[in-house]
Structures are given as structure tokens and as C-alpha cells.
Amino acid sequence: MSENVFAAVDLGAASGRVVRGRIDADRIELREVHRFANRPLSLPDGLHWNLGALFEQLCAGLAAAGPVRSAGIDSWAVDYGLLDAEGALLGLPYHYRHPRPSAPPPIDPAELFERTGLADLPFNTIHQLRAESAERLAVARNLLLIPDLLGYWLTGRIGAERTNASTTGLFHATGQDWDRDLIDRLDLPQRLFAPVSDPGTALGPVRPALRDAIGGHALELVRVASHDTASAVAAVPAQEARFAYICTGTWSLVGLERPAPLLSPAARERGFTNETGVAGIRFLRNVMGLWLLQECLREWPGADTGALVARAAELPALRTLIDVDDPGYLAPAQTGEPPMTVRIAAHCDGPAPRTPAEFTRCIIDSLAIGHARAVADAVAVHGQDVEVVHLVGGGVHNAPLCQATADACDRPVAAGPAEATALGNLLAQAIAADVLPDWRHARYLVARTHPPAHYRPSGDPAWRTALDRVTALARKRAA
């Protein structure tokens, strides 16, 4: 076994994978060793994550990775499990897309933003906890976000990782620690919130009882930037001083890096959030993302995504648009909402799409405009322009989306790497192992070994008109 081989467990909202990576001072070699679906369970009380199945697949992936120096786990944010005094899980974690009625926090929204830096989104952990029963909270002894919970199952050690803790709405905007005063004001038990550790710190060895499940070898777990967006942003191959990023996947997370949170009224009014990263604060906004297409694909059994995108690219751009920030697109049809195609057709500007290719073209163009609106708002609030937009994640494989994003943003787009989240996970372990000196060097190495594809904006004024059309849709929704 090489001293410089690591394993990344990367869990997304639709699928998970385990990637084996060899990292040296001048090279990065990646190999996906295990991929699996992440299918939530629709139970009588709502939509839940099938965490037992995910843990089983995680162990199978670590076994497939073979002997490695360490492993790290990242996943989506905000969702959690509650443990009782014996360390047993109190029911499967709820899925953040399942609507859970909750009373608003008894705190002014402006003050809440100043304290936590987070946009007020209905699925934030703070709101999910407001929906919990008093009985469950009375029995619970620990709250663990998904990567921390899986790490606990592997090692028996309880803790919280900083980048993911910063997404909960219960963490200081400065990224230092839990806001204990806020937790008291919400009448939440202080015992739920574990001590916070940084990416790159040791979690501990996998319990001997699980050794056979992971391939029979000893394994150390390391805390990485366990919020998948934090890991993805960490691997952005930016060499410019001024850049924006778009982390594409089920969501598109669009923003800038800053040395400190931006807590102005303008930032709050425009829906921005401040989350902790490996290089300061991730100042970003959630855009609905490729979830729109993923949900449509459920209605088209056997459809090939690549072929659909290719057919969509042959259709005229900007014929039909939607406002991807409309919260009506958030919940899956499993929760009783109409099919996604029905929702899109009912709320579009232009002729309603009829074919899968037409729906796909509508989503590509509308998502690009959503990206552009978020970049423009981030620049306006931040007060400084950007030279380039770095687009990473699954959207890298969607060339029409990359080009449309460049056209809508009217800025060059550098697309890649697609595997940014797994890379960021592996790089955190390499830095912890002193294989790489710091994150600046890590990004330089990514740029050398995974050079992005470049897309130039067309300058077509039709994109400015399209932005105005979507803005009108948003205003109509808000009226």
C-alpha cells in the first residue's frame, strides 16, 4: 500500500460513491471503486433517508477501495439523526425535501441572519428541529449530521465537523462554534450539540467489529469538509484572485469566497447564506439545480440523459423559461405534489414544453439564468466583479448548460472538475497526512492535473431579455 492512497466516501442526494485516490506532490490519480443509488423511503410519516442501506453500501465501497491510509465521508447538509442515551438511532432521519410543519423561531429574521449568516430556508436544521416532538427531544442525547452519524457508526466516536455544522442555522456566522445562546432561546437541549472539529482532524479507527465489513483491514477515518459543497469548493481549480463558483448537482450552489461573512441587509434580502469553508466563508445562494431534470426523468422511464441533452441542444434556445427559484419545484412528487413536468408546464413563460427534449431545453436555459442571477447578485452585494466563473460537479458533463451559463452570465466559464467533491475530500486527507502543504497548493495541483474546459460568452442580447422574462416571473410569484 502506498502511503499516499486515500478513500473518499461521497454521498449525494441521488447517489453515492467511493473513490480511491493516489495523491503526490505533482499528481492526482482517481478511481471510482463503488457507486450506488441513494433512494429515500416513503413511510407513513413522511420521506426518510434509508440510512441502513447507505451504511451497508459505504462499507462495501471501503472494502472495494482496499488498504488505504485513511478515509473521509462527505454528504449533503442539514439532515440529522438523533441518538438516545445508549447511542441508538431514534428513527430514520427525515429527508429535507419532506415538508415538516414547524413554528417559526421566536427571533426576528434579521437578528437570526446576523447571528448565523444563513438564508432562511424551510429545510434548514433549525426549522427541522422546531418540527420535532417534545418527547423525541427529551429522549435524545446527541444530534449528528449525516456524515458525523455514519462516522459514529464506524468508529464509535461522537463529534461535529465545522463546515457542515455551519449549515444548520444554529452556528455562529463567524464559523467559530455553536451559538449556545440561540440554542437556549429556542429551548433546545444543549447536550445535543457535540464539540466541533476542523477538516483534517482525526476521527479515529474503524471499530474492530466492522473490520470484516470493510474488507478485513484496519482503517483510520479523518474528518474532511463533510458538507459536500464545502469539499467541492475546496477543489475549485481557481488561480485567479477574483472568481465565482457554481457547484452543480441536485442543487446548484452559486457564490464567492470571502475572508469573513457578509451580513448586510442586502445579503439577507437577496437570499444569500454564509457557510464555513476551508478557505474562509462560502458566500452563496441555493439555486434549484439539476433536481428539476432528475425529477422529470422519473416520468420518462428508459430515457438516456446524454441523448436527451444532445437533442435539447439542437432546439432553439430561450423559447420557454421557468423561474428555477420557485419553491413550488422543491418537493418531489412522492410527497403528493404534481409531477414535475406538470408544474413546469403550468408556470412557464413561453409555449409549454411537450416533449422530453423540450423540457430539457427549458431546464438548461432556465438553470443558466438562475446561475446568472445569483452571480450578478453576489457581485452586487460583495461590491467587486469576478473575472471568471468556475463550474464544477455533475453539470460539467452537460456542455449546453456550461455554454448557456457563460452566455447568461456574460462571463467566461471554466468547467471542471466533475469530481470536485471527491477531490476535495481526498485533498483534505492528503493535507492532514502532510502529503500536500496547504489548500493553495492543492488547488494549484488540481488545475495542473484536471484542467477545466473553457466556454466563452456569446454576447447575444437575447440572454439579457431572457433574464428580464424570468425576473417578471419571480415578481408575479411574489405578488
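Which residue caps the N-terminal end of α11? Asp 304 does, with a side-chain oxygen 3.2 Å from the backbone nitrogen of Gly 306. The model is predicted, and local features need pLDDT of at least 70, side-chain atom pairs pLDDT 80 or more, while totals for chains, interfaces and linings use all residues. Residues are numbered from 1 along each chain as its sequence is written, and side-chain values use heavy atoms, without hydrogens and water.

Helix α11 spans residues 305-313 (helices are DSSP runs of H or I, at least four residues, and strands runs of E, at least two, numbered from the N terminus). Its buried residues (under 20% relative accessible area, 1.4 Å probe, protein chains only) are Leu 308, Val 309 and Ala 312. They fall within an arc of 95° seen down the axis of α11, so they line one face of the helix. Their cover includes α10 (291-297), α13 (356-382) and α14 (399-409).

The structure holds two cavities of 30 Å³ or more (a cavity is a set of points on a 1 Å grid where a 1.4 Å probe fits but cannot get out; lining residues have an atom within 4 Å of a point).

| Cavity | Volume | Lining residues by class |
|---|---|---|
| Largest | about 130 Å³ | eight nonpolar, four polar, four charged |
| Second largest | about 40 Å³ | six nonpolar, two polar, three charged |

Of the 16 residues lining the largest cavity, Ile 73, Pro 147, Asp 148, Leu 203 and Arg 223 are the closest to its centre. Helix α5 gives the most to this lining, four residues. In the second largest cavity, the largest share of the lining is three residues from strand β7 (residues 80-83).

Note on methods:
Buried means under 20% relative accessible area, exposed over 50%, partly exposed in between (1.4 Å probe, protein chains only). The arc is that of the directions from the helix axis to the C-beta atoms. Contact means heavy atoms within 4.5 Å. A polar contact is a pair of N or O atoms within 3.5 Å; within protein, one must be able to donate a hydrogen and the other to accept it, and residues adjacent in sequence count only if both atoms are side-chain atoms. On a 1 Å grid over the protein atoms alone, a cavity is a set of points where a 1.4 Å probe fits but cannot get out, and a pocket is an open set with protein on both sides within 12 Å along at least five of seven lines; lining residues have an atom within 4 Å of a point. Grid points are joined across faces, edges and corners, and a volume is the space filled by probe spheres set on the points. Ala, Val, Leu, Ile, Met, Phe, Trp, Tyr, Cys and Pro count as nonpolar, Asp, Glu, Lys and Arg as charged, and the others, Gly among them, as polar.
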